[in-house]
Amino acid sequence: MEKNNYPLEIRDVEPEKAEILMKYFTGEHTGFVRVGPKGYILPYMFKYEAFKIYTMEIRPTDVFVVSYPRSGTTWTQELVWMVANDMDYETANKIPLTKRYSFLEFSTIPFVDSLFNSMKVEDIAMLPAPRFIKSHLPLSLLPPTLLDTTKVVYVARDPRDVVVSFFHHNKLKRFTGEDAELKSYWNYFIKSEVIWTPYFSHVLEAWEKRSHPNMLFLFYEELFKDMPAAIRRVAKFLGKEVTSEQVAKLNEHLDFKNFKKNKMVNLEEFQESGIFTKGPGFVRKGKVGGWRDDFDEEMTEQAEKWIAENLRGTDFRFPNL
Ligand code: A3P
């Protein structure tokens, strides 16, 4: 496929709008694009990587974790990696998850890229098997051969918890300015002006594929409520046998209090080096329904309406609603 055969339209966000967005999302210096019929909003740099990502060769040995950010991606990655690697604690306790799992579109986030010197798409494409790949891109922007070739675990979370978590995370990374408030952030989010939105299109694309044998659709809320059952689901999906002892041990390893202090997953080094601000940390609160502490009445009502409108005509429901 020729580069100019990229099948989706990539439009620059109009200059006036881009200027407003860049004033708010101060970490983004190059602007934004909207991609495809759903109009996913992504950093401008995505333009240069879109084709490489779309045409990347997928191998049957790859294991993907895909999500909208702050949906429990890291938690799911560690869970999947542990099961896929026969509970190899020795490696998991020695090598950071960011080195065990590649973030596919990391290089499209210029602010992050300059700080982390992240892997390029072409580097990820060349990695030896088995590749463990994380992406926040919706399925329609990933290679079309993905699901028919290899396993994909998708994780979704109540968007109200997602938005609170993403807001704090963006502050941590200085992606938003100091004075950004949750309420304004929430308004950008529901107008689909926060990167990787529209949120519901993202989730629903994966939900529609949930019966595909190569797709495992998980909810954060489900991991939270019954991790041992989730471990068993993942094991079955990956064709692995797990004993009760292994499940119990992994459950403990993935438990919030242990996860938060696990240096191989908590990105503490970014805080120590000053890349992250001294905030609540990457592994932050770890609650279901924590948004209730942060939403005012107006946001709560808006959210109810927004969720209902987006779920109308679909059979998608969050487990906790
Ligand atoms: P909060 O900010 O609400 O605490 P992602 O990895 O997709 O960025 O998701 C991050 C969210 O998952 C954060 O949510 C984080 O605290 C939560 N999380 C990470 N590990 C967890 C664990 N072991 N148990 C519960 N929540 C966890």
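Here are some questions and answers about a predicted model.

Q: In which order do the 5 strands of the parallel open sheet stand?
A: Let's begin with the sheet whose pairing is parallel. It is an open sheet formed by 5 strands. Reading across it, the order is β5-β6-β4-β7-β8.

Q: Which strands stand at the edges of that sheet, each with a single partner strand?
A: A strand with a single partner has one side left without a neighbour in the sheet. Look at the two ends of the order β5-β6-β4-β7-β8. The strands at the edges are therefore β5 (102-103) and β8 (215-219).

Q: How many bridges join β7 to β8?
A: Strand β7 covers residues 151-156 and runs parallel to β8. One spot to look at is Ala156, which stands opposite Phe219 in β8. The number of bridges joining β7 to β8 is 5.

Q: Which residue in β6 is the bridge partner of Val63?
A: Strands β4 and β6 pair in the parallel sense, over 4 bridges. Strand β6 also pairs with β5 in the parallel sense, over 2 bridges, and there Ser102 has Ile133 as its partner in β6. For Val63, the partner in β6 is Phe132.

Q: At about what angle to β4 does helix α3 run?
A: Helix α3 is made of residues 73-84. It lies across β4 (63-67), β6 (132-135), β7 and β8. Its angle to β4 is about 165°.

Q: Which strands are the edge strands of the antiparallel open sheet?
A: Now for the sheet formed by 3 strands, in the order β1-β2-β3. Its twist averages 35° from one strand to the next. An edge strand here pairs on one side only, and the strands that do so are β1 and β3.

Q: Which residue in β3 stands opposite Arg34?
A: Strands β2 and β3 pair in the antiparallel sense. There are 4 bridges between them. Opposite Arg34 in β3 stands Ile41.

Q: Why are the buried residues of α2 on the same side of the helix?
A: Helix α2 (residues 46-54) has Phe46, Glu49, Ala50, Ile53 and Tyr54 as its buried residues. What covers them includes β1 (10-12), β2 (32-35), β3 (40-43) and α7 (121-126). They are on the same side because they cover an arc around the axis of only 130°.

Q: At about what angle to β2 does α2 run?
A: You can find helix α2 lying across β1, β2 and β3. These strands form the open sheet with antiparallel pairing. The angle between α2 and β2 is about 35°.

Q: What arc do the buried residues of α11 cover around the axis?
A: In helix α11 (residues 199-207), the residues Tyr199, Phe200, His202, Val203 and Ala206 are buried. They pack against β4, β7, α9, β8 and α17 (297-311). Their arc puts them on the same side of α11, because it is only 160°.

Q: Which elements give two or more residues to the shell around the ligand?
A: The ligand is surrounded by 19 residues, and the closest are Thr73, Thr74, Ser165, Arg284 and Gly286. The elements that give two or more residues to the shell are α3, α9 (159-172) and α15 (256-261).

Q: How many residues of the shell around the ligand are polar?
A: The shell around the ligand divides into three kinds of residue. Of these residues, 6 are nonpolar and 4 are charged. The number of polar residues is 9.

Methods
Residues numbered from 1 in each chain as written. Predicted model: local features only at pLDDT ≥ 70, side-chain atom pairs only at ≥ 80, totals over all residues. Buried ≥ 20, exposed ≤ 12 C-beta atoms within 10 Å, placed from the backbone. Arc of directions from axis to C-beta. Contact = placed C-beta atoms within 7 Å. Pairing = 2+ DSSP bridges. Axes fitted to C-alpha atoms, helices over the stretch in contact; angles between N-to-C directions. Near = placed C-beta within 6 Å. Nonpolar A, V, L, I, M, F, W, Y, C, P; charged D, E, K, R; others polar.
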